[in-house]
Amino acid sequence: NNTWYGIWLYYSDSNTLTGNTASNNDDGICLYYSDNNTLTDNTASNNDDGIRLDYSNLSTLTDNTASNNDDDGIYLEYSNYNIIKSNKLYGNYRCITEYRCIGNIIADNDCKEVQQIPRSNFVWIIIGIFGLSMVKILWKKQIRSQKRS
């Protein structure tokens, strides 16, 4: 229940994170400029991103669970040559996203994405519903005034 990160490794290399739970944060577990780390049997749920690697290379993520995160179960940005294997990714908007990455090995992950309305479209849907409601109200008002005439 932190504002930013449940667990944050910042310029931190060669660590092992095992058996942790990070829930209800901006990002559950975040590695930033952190190389050669091992994440195993961790749980990251109800965050924006479950597990996030930014500019972090040569790490191994295995047997983690990332569930019900608003965006990605696992998100990689400018992070190269990582092994992402045998993770359980349930109910996230997307299971795994790579942005400007090379050489990552992504294998044998169990992925079940949730079907959501993209946030950007959600606003337009609400505006459309409001607009239609207003048209209906004005139309009924005009019919009433014509009946009185």
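Which residue stands opposite Ile 83 in β14? In this predicted model, the position facing Ile 83 across the pairing is taken by Ile 105 of β14. The contact belongs to the pairing of strand β11, which covers residues 83-85, with β14, and the two strands run in the parallel sense over three bridges. Both strands are part of an open sheet of five strands, arranged in the order β2-β5-β8-β11-β14 with parallel pairing. The edges of this sheet are formed by β2 (16-18) and β14 (105-107), and since each of these has a single partner strand, one side of each is left without a neighbour in the sheet. Averaged over neighbouring strands and with direction ignored, the turn of one strand against the next in this sheet amounts to 5 degrees.

A further open sheet of five strands follows the order β1-β4-β7-β10-β13, and its pairing is parallel. Here the edge positions are held by β1 (5-10) and β13 (94-99), each with a single partner strand, so that one side of each has no neighbour in the sheet. The twist from one strand to the next averages 5 degrees. As a general matter, strands of a sheet pair through backbone hydrogen bonds, in either a parallel or an antiparallel manner.

Within this sheet, β1 is joined to strand β4 (residues 27-32) by five bridges, the two strands running parallel. Along this pairing, Trp 8 has Cys 30 of β4 as its bridge partner, while Leu 9 stands opposite Leu 31 in β4. On to strand β7 (residues 49-54), β4 is likewise connected through five bridges in a parallel arrangement, and there Leu 31 has Leu 53 of β7 as its bridge partner. Leu 31 thus takes part in both pairings, facing Leu 9 and Leu 53. Strand β4 is mostly covered, with five of its six residues buried; Cys 30, with a relative accessibility of 1%, counts as buried.

At the surface, Trp 8, Tyr 10, Tyr 11 and Tyr 33 make up a nonpolar patch whose accessible area comes to about 450 Å² together. Of these residues, Tyr 10 is placed in strand β1, and a relative accessible area of 45% makes Tyr 10 partly exposed. Trp 8, which belongs to the patch, is also the residue bridged to Cys 30 in β4.

Turning to covalent links, the count of disulfides in the model comes to one. The bond is formed by Cys 95 and Cys 111, whose sulfur atoms lie 1.6 Å apart, and with 80 degrees about the S-S bond the link is right-handed. Because Cys 95 lies in strand β13 and Cys 111 in strand β15 (residues 110-112), the pair ties together parts that are 16 residues apart in sequence. The two partners are covered to unlike extents: Cys 95 is buried, at a relative accessible area of 4%, whereas Cys 111 is partly exposed, at 37%. Cys 101, at 18% relative accessibility, counts as buried, the limit for this class being under 20% relative accessible area.

Salt bridges number five in the model. A network of them links Asp 49, Arg 52, Asp 54 and Glu 77. Within this network, the side chains of Arg 52 and Asp 54 meet with an N to O distance of 2.7 Å, and those of Arg 52 and Glu 77 meet at 3.4 Å, again from N to O. Since Arg 52 lies in strand β7 and Glu 77 in strand β10 (residues 72-77), the latter pair ties together parts that are 25 residues apart in sequence. Arg 52 is buried, with a relative accessible area of 17%, as is Asp 54, for which the value is 7%; Glu 77, at 16% relative accessibility, also counts as buried.

Another salt bridge is formed between Lys 112 and Asp 110, with the closest N and O atoms 3.5 Å apart. In this pair, Lys 112 is partly exposed, at a relative accessible area of 49%, and Asp 110 is partly exposed as well, at 32%.

Key. Residues numbered from 1 in each chain as written. Predicted model: local features only at pLDDT ≥ 70, side-chain atom pairs only at ≥ 80, totals over all residues. Heavy atoms only, no water. Pairing = 2+ DSSP bridges. Helix = DSSP H or I, 4+ residues; strand = E, 2+ residues; numbered from the N terminus. Axes fitted to C-alpha atoms, helices over the stretch in contact; angles between N-to-C directions. Patch = residues over 30% accessible without salt bridge, like charges linked within 9 Å, V, L, I, M, F, W, Y side chains within 5 Å. Areas by Shrake-Rupley, 256 points an atom, 1.4 Å probe, with all protein chains shown as cover. Salt bridge = Lys/Arg side-chain N within 4 Å of Asp/Glu carboxyl O. Buried < 20%, exposed > 50% of the residue type's maximum accessible area, 1.4 Å probe, protein only. Disulfide = S-S within 2.5 Å.
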